[in-house]
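Here's a quick briefing on pockets, one helix face and a few loop residues worth a look. Have the viewer open while you read.

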Amino acid sequence: MDTATNISQVRLGDRPLVVCDIDEVVLEFLTPFTAFLRSHSYDLLPRSFRLYGNIVSLLDGSELDKAAIDSFEEVFFANQHLWQRPAEKAVDTLQALSADADIVFLTAMPPRHHGIRREFLNQLDLSFDLIATEEPKGPVVARLHDRRSLPVAFIDDMQRNLLSVADHLPECLLLTMMANADFKPFAPPPVGNIVAATGWDHAAELLRAHFAADALTSANPAA
């Protein structure tokens, strides 16, 4: 599988679906982005769960404004293959899960960067379908699942994305997960049906339990 950003290009099988964010979930983002910023004499400080207001000059301590941060992000994503690396156990776990479920990557990144990310993921043996969009994720996941009577799960590090999916797909298993340990304490606590996964091993346990519970219910509707 090696599709572009169009949902219509994704072909799902008759099995569970796992939709997965990329940055801070499949690939480390905050750690390599910090290294990138330091190479330009700036630093990202873990003071709150955001970029804006936390990036400062290593020369005089001044905060970088939003326009400058956006410019740095643009350069970083254009060169992401030089900086980013897989989150711990992400590659092996996703490959193992793909034996029983369809994996689709959904990244909140400008579609213009799809090509470089696609090539980088392929190099990591993560050649699952990739959708890059700046649209809200809830409607995208709902369109992907398309009312199928099969298990569906969504993994992301941003609560707003998880809540967006919850609004459009109430039956979806919602997992929050984050690779960077410095910023994790500042993440908002899980709300509603969102479940925190401590890492990819834990996420795999939660996903397989979700698949098994659905299979049991399907086999015995009265259960």
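When we say that residues pack against something, we're talking about contact, which means heavy atoms within 4.5 Å. Keep in mind that this is a predicted model. With that in hand, start with α2: its buried residues pack against α1, β2 (42-44), β3 (55-57), α3 (80-83) and α5 (114-123). α2 also turns up in the largest pocket, where it gives the most to the lining, with four residues.

**Helix α2**

- The helix has 13 residues and runs 18 Å from its first C-alpha to its last, close to the 18 Å expected at 1.5 Å a residue.
- Its buried residues are I69, F72, E73, F76 and F77.
- Looking down the axis of α2, you'll find those buried residues within an arc of 130 degrees, so they line one face of the helix.

**Largest pocket**

- The largest pocket holds about 940 Å³ of space.
- It's lined by 32 residues, and the closest to its centre are L51, E73, A108, M158 and R160.
- Two elements give two or more residues to that lining: α2 (66-78) and α7 (159-168).
- E73 has two roles here: it's one of the buried residues of α2, and it's also among the residues closest to the centre of the largest pocket.
- Sorted by class, this lining comes out as 13 nonpolar, five polar and 14 charged residues.

**Helix α7**

- Buried residues in α7 are Q159, N161, L162, S164 and V165.
- Those residues pack against α6 (137-145), β6 (152-156), β7 and β8.

**Second largest pocket**

- About 370 Å³ of space sits in the second largest pocket.
- Its lining counts 24 residues, with E28, M178, A179, N180 and A181 nearest its centre.
- α1 (30-38) and α8 (200-219) each put at least two residues into this lining, and α1 gives the most, with four residues.
- The class split is 11 nonpolar, five polar and eight charged.

**A179, from the second largest pocket**

- A179 sits in the loop between β7 (173-176) and β8 (194-196).
- Its relative accessible area is 35%, so A179 counts as partly exposed.
- Setting aside neighbours within four places in sequence, A179 is in contact with E24, E28 and A87.
- One of those partners, E28, is also listed with A179 among the residues nearest the centre of the second largest pocket.
- If you want a long-range distance, the C-alpha atoms of A179 and V10 are separated by 27 Å, with their positions 169 residues apart along the chain.

**D21, a buried loop residue**

- Where does D21 sit? You'll find D21 in the loop between β1 (17-20) and α1.
- With a relative accessible area of 6%, D21 is buried, since the cut-off for that label is under 20%.
- Leaving out neighbours within four places in sequence, D21 is in contact with V26, L106, T107, A108, K137, I155, D156 and D157.
- T107 is 86 residues from D21 along the chain, yet their C-alpha atoms are separated by 5.2 Å.
- A108, another contact of D21, is among the residues closest to the centre of the largest pocket.

**L59, an exposed loop residue**

- L59 is in the loop between β3 and α2.
- L59 is exposed, at a relative accessible area of 74%.
- Its C-alpha atom and that of Y42 are separated by 7.9 Å, and the two residues are 17 apart along the chain.

**Positive phi values**

- As background, most residues other than glycine have a negative phi.
- K89 goes the other way, with a phi near 70 degrees.
- K89 belongs to the loop between α3 and α4 (90-97), and at 43% relative accessibility K89 counts as partly exposed.
- D125 isn't a glycine either, and its phi is positive at about 60 degrees.
- D125 lies in the loop between α5 and β5 (129-132), and D125 is exposed, with a relative accessible area of 52%.

Definitions and conventions:
Residues numbered from 1 in each chain as written. Predicted model: local features only at pLDDT ≥ 70, side-chain atom pairs only at ≥ 80, totals over all residues. Heavy atoms only, no water. 1 Å grid on protein atoms, 1.4 Å probe; cavity = no way out; pocket = protein on both sides within 12 Å on 5 of 7 lines; lining within 4 Å. Points joined across faces, edges and corners; volume = space filled by probe spheres on them. Nonpolar A, V, L, I, M, F, W, Y, C, P; charged D, E, K, R; others polar. Expected span 1.5 Å × (residues − 1). Buried < 20%, exposed > 50% of the residue type's maximum accessible area, 1.4 Å probe, protein only. Arc of directions from axis to C-beta.
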